[in-house]
Amino acid sequence: MLRVENVNKSYGKLAVLHDISLSVNEGEIFSLAGESGCGKTTLLRIIAGLEYPDGGSVNLKGVDITQLKPEKRRFGFVFQNLALFPHLTVRQNIFFGLKRKQRTDNKLHNILAMTGMTGYAERYPHQLSGGQQQRVALARALAIDPEILILDEPFSSLDELLKARLRDEVFGLLRELRITTILVSHQADDCFQIADRLAVMKTGRIVQTGTPSVVYQSPVSTYVAYLFGAMVLLEGTKKEGMASTSFGSLALPDLPDRFRLMIRPENVVISNVNDYNLSGLVKHKTFKGPHDLLTIQSKDGDATFLLETERSSSKAGDTIYLKVPRESVLVMA
Amino acid sequence: MVLVLPVAFILIRFFSVGHSDWGSLSSTLLPLYIGNTSYLLAGSIVVTLVLGVSTAWVVTLYDFPFRKQFEWMLILPLAIPTYISAIAYVGLTDYAGPIRILLRSFDYDIYLDMMDRNGAIFVMSLVLYPYVYVASRAAFAMQSASLIEVSRSLGRSMRATFTRVVLPLTWPAIFSGLILVVMEVLNDYGVVQYYGIPTFTTGIFRSWLSLGNLPQAIFLSFLTLTVVLVLLIAQVLIQGQKNYTIEKEDRKLTPLRSRYQWGCFILCLFPLFFGFVVPVFQLLWWAVKVTELESWVFSAKLVANTSLLGAMTAGLAVILSIWFTYTFRISQLPRSARAMLRLPMVGYAVPGAVIAIGIVSMIVWINPEWIYFGITALVFGYLVRFFAVGFGTIESGFDKIPYQLDLAAASLGKRTFSRLFKVHLPLLKPVLIGAFIMVFVDVAKELPLTLILRPFNYETLATNAFQYAKDEMAPRSAPSSLLIIFVSAVPVYFLNKLLSR
């Protein structure tokens with residue numbers, strides 16, 4: 001439905017986007033992820049027509065819209081700061097993008113009901129809570145029946161509890177309406193729960209595209225891996241066909257000479273008994289609420305790594321044994 | 001409180017003096033005054049709005065050649081007092097002016113007449129539009145960019161976005177700029193007198209200086225004052241209505257490349273050219289043409305007089321402002337009490353002629369002999385009118401110093417007054433200098449108040465320039481006018497720095 005091809009963009013000498021290509025399918029929820037400053041917002045703005053690329057093209061349903069003005073695109077844009085018109089009521093905000101004929105009570109009623117804002121039509125934005133403002137911003141974007149809905153860090157201004165609730169609601173609604181959506185978020189749980197597919201960006205390039213589970217399970221780099229969760233990272237060398245680390249050796253196929261091993265902490269099994277391949281000393285144990293954070297040091301004292309675990313019975317000074325299933329280890333050259 | 005007295009006096013005298021002397025006025029002249037004043041006000045409101053808002057909009061939103069330079073240069077016309085620009089334009093277009101000399105060299109001639117109501121609107125608007133420009137630009141620059149972008153993504157064109165989103169949100173700020181324009185037009189005496197347009201201000205002059213009819217002058221002052229009060233109330237209502245502040249993390253507007261770059265360029269060049277370049281050019285042309293040594297020597301005396309008046313007023317204004325603000329600060333008065341103490345701020349809104357008549361009526365009431373007393377009355381008049389300028393600047397300066405600093409100094413054993421001298425005043429030095437200069441310049445430009453309250457034969461740069469023009473010797477006014485413009489350009493620089501922060 002939407003195809004972005006070879007898009008480049010620089011501000012003066014600073015290149016922010018290099019040769020970006022991606023496609024979003026009809027009805028799909030597509031997420032752009034990456035650390036701040038990676039260019040994801042710029043890409044979003046180019047898609048919305050708020051900025052124009054230096055090179056490349058944006059196509060919607062086969063039509064080149066690269067130079068089309070934003071007001072001709074009918075893309076609903078929900079800004080990070082929401083950008084509700086402070087001088088207009090909820091009703092006026094929602095009707096803002098509609099022609100006079102389209103501004104019916106029926107339409108208003110439907111949109112308000114859909115976003116859970118029934119009864120608030122005559123309020124001004126400053127009379128609403130943060131979550132309600134969020135709903136109005138979404139309602140306003142949905143009101144124009146957008147070709148594509150664009151959400152820029154939509155939940156970042158909300159506190160954790162509210163965010164989780166609202167995210168589930170919005171997620172459900174978007175699925176139900178089957179609206180093609182592009183979402184920018186630097187938060188892993190947003191991307192995972194909402195997105196059908198996602199693209200990870202780093203310094204103006206797309207480094208990986210795929211479904212959330214693929215990107216999580218098989219990240220192409222440590223950058224991608226860390227973006228979506230904690231990671232145990234071990235330096236290793238190849239010795240006698242085995243992967244040798246400061247914490248012990250693992251039997252792994254197809255090893256280069258020097259490499260790094262990445263393991264998601266939830267795949268690590270801990271034991272106090274010596275029946276596993278890796279071992280180390282517990283240096284610190286930090287209480288982290290739902291889980292503990294262990295700092296584990298190698299026997300020779302050269303290397304340490306951090307491991308998030310369930311509530312652990314080990315204490316500082318204990319020797320600890322770790323089991324790592326071979327299929328959950330990623331080898332990076 | 002003393003600073004409010006002249007205004008209060010107008011009110012008191014209006015209600016206590018017999019109303020019999022108005023007869024001739026109300027039947028013939030009053031409709032004329034009302035008609036002309038309203039016409040001038042309406043005209044200059046429209047022209048300054050169009051010029052000020054449009055230039056501010058393109059300078060904020062679009063990128064075009066010399067945008068950065070225009071940003072501050074568009075304020076420059078403010079340095080030219082209305083009457084000086086009026087004199088220069090008449091000189092430019094009359095028989096001996098450069099336009100017609102040039103045309104005659106091609107054996108062609110036209111008759112240009114600036115000296116009517118439309119000419120006055122043209123001249124005044126071109127030097128007053130910066131009030132609207134400055135207010136609008138500050139308001140536009142504060143706009144959150146995403147509001148404009150969201151409007152466009154919802155299908156509204158740039159023009160619709162401007163009228164439906166930007167204007168409603170920035171209107172209170174623009175209005176406050178517009179009010180300054182209205183007050184300047186009401187205050188104006190030079191232009192309307194020179195162009196022969198009878199208005200309230202010329203009426204006040206005529207009543208007092210020509211006819212010696214103080215009650216009539218008080219009556220006219222009272223009417224003018226009513227207009228001013230209505231405006232002030234309107235401002236309070238509009239500003240109080242809704243106050244939208246944008247959140248800190250919002251992206252501000254950044255200039256875009258415009259397809260109509262040269263259109264923007266010409267739009268900005270127009271007011272700058274006709275509001276500043278043309279009058280200054282005309283004055284320079286005169287100055288070069290009439291470089292008699294004598295007129296420059298005479299200027300030295302004028303400069304001395306003007307500087308003395310300016311420095312006295314500015315010094316007093318600064319000292320009083322420090323005293324006021326510091327007293328507020330240490331006493332931590334409640335808001336309502338502070339509002340009461342703001343009453344002297346009204347002086348800035350009151351036309352100079354009205355203040356002058358208030359002071360005259362005060363003096364006449366106390367002891368008519370005193371009217372011939374030196375420059376005290378004049379300085380007092382300036383102080384009433386311009387105190388607000390210094391006070392506003394200094395108060396906002398004080399407000400930027402966190403109160404914790406006072407507490408810290410107090411905890412270190414500094415007493416009230418040594419705190420002021422050791423902590424606040426050193427921190428406020430640039431603010432104090434800025435306030436001093438702004439008051440000084442306003443004094444140097446002020447014409448009507450000076451004309452009424454000055455001692456006999458006492459001339460300042462402003463009265464001198466105006467007197468020459470009135471006596472059909474306009475070229476000789478050039479040195480004084482240029483000096484005033486030069487001095488006035490200084491706070492324009494300050495104003496711009498204040499804005500760009």
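Begin by selecting helix α18 of chain B, residues 416–445: its end C-alpha atoms lie only 37 Å apart, whereas a straight helix of 30 residues would span 44 Å at 1.5 Å a residue. The coordinates under inspection are those of a predicted model. Where does α18(B) bend? Centre the view on B:K429, at which the helix turns by about 65°. A proline, B:P430, follows within four residues of that point.

**Helix α4 against α12**

Next, select helix α4 (residues 82–93) of chain B together with helix α12 (residues 261–289) of chain B. Their axes come within 9 Å, with a crossing angle of roughly 70°. The pair α4(B) and α12(B) is therefore roughly perpendicular. The crossing in which α4(B) passes α12(B) is left-handed. To display the contact, show B:I84, B:S85, B:A88, B:Y89, B:G91 and B:L92 on α4(B), then B:V278, B:P279, B:Q282, B:L283 and B:W286 on α12(B). Coloured by class, the residues of this contact are eight nonpolar and three polar, with no charged residue.

**Helix α4 against α6**

Keep α4(B) on screen and add helix α6 (residues 117–142) of chain B. The axes of α4(B) and α6(B) come within 9 Å and cross at roughly 130°. That angle makes α4(B) oblique to α6(B). The crossing of these two helices is right-handed. On α4(B), select B:T82, B:S85, B:A86 and B:Y89; they meet B:V123, B:M124, B:L126 and B:V127 of α6(B). The contact of α4(B) with α6(B) comprises six nonpolar and two polar residues, and no charged ones. B:S85 and B:Y89 deserve a label, for they take part in the contact with α12(B) and also in that with α6(B).

**Helix α6 against α8**

Hide α4(B), retain α6(B), and bring in α8(B), whose axis comes within 8 Å of that of α6(B). How do α6(B) and α8(B) run relative to each other? The axes cross at roughly 160°, and the two helices are therefore roughly antiparallel. Their crossing is right-handed. Along α6(B), the contact includes B:M124, B:L128, B:Y131 and B:F140, among others. Facing them on α8(B) are residues including B:T170, B:I174, B:L178, B:V181 and B:E184. By class, the contact of α6(B) with α8(B) holds 15 nonpolar, four polar and one charged residues. B:M124 may be labelled as well, since it appears in the contact of α6(B) with α4(B) and in that with α8(B).

**The side of chain B that touches chain A**

Finally, display chain A beside chain B. In this pairing, 19 residues of chain B are in contact with 18 residues of chain A. On chain B, select α7 (145–153) and α8 (158–187), each of which supplies at least two residues of the side that touches chain A. Which helix gives the largest share of that side? The largest share, six residues, comes from α7(B). Divided by class, the side of chain B that touches chain A has seven nonpolar, five polar and seven charged residues.

Definitions and conventions. Residues numbered from 1 in each chain as written. Chains lettered and ligands numbered in written order. Predicted model: local features only at pLDDT ≥ 70, side-chain atom pairs only at ≥ 80, totals over all residues. Axes fitted to C-alpha atoms, helices over the stretch in contact; angles between N-to-C directions. Parallel < 35°, antiparallel > 145°, perpendicular 65-115°, else oblique. Left-handed = near helix turned anticlockwise from the far one by under 90°. Contact = placed C-beta atoms within 7 Å. Nonpolar A, V, L, I, M, F, W, Y, C, P; charged D, E, K, R; others polar. Expected span 1.5 Å × (residues − 1). Bend = angle between axes of the 7 residues up to and from the residue.
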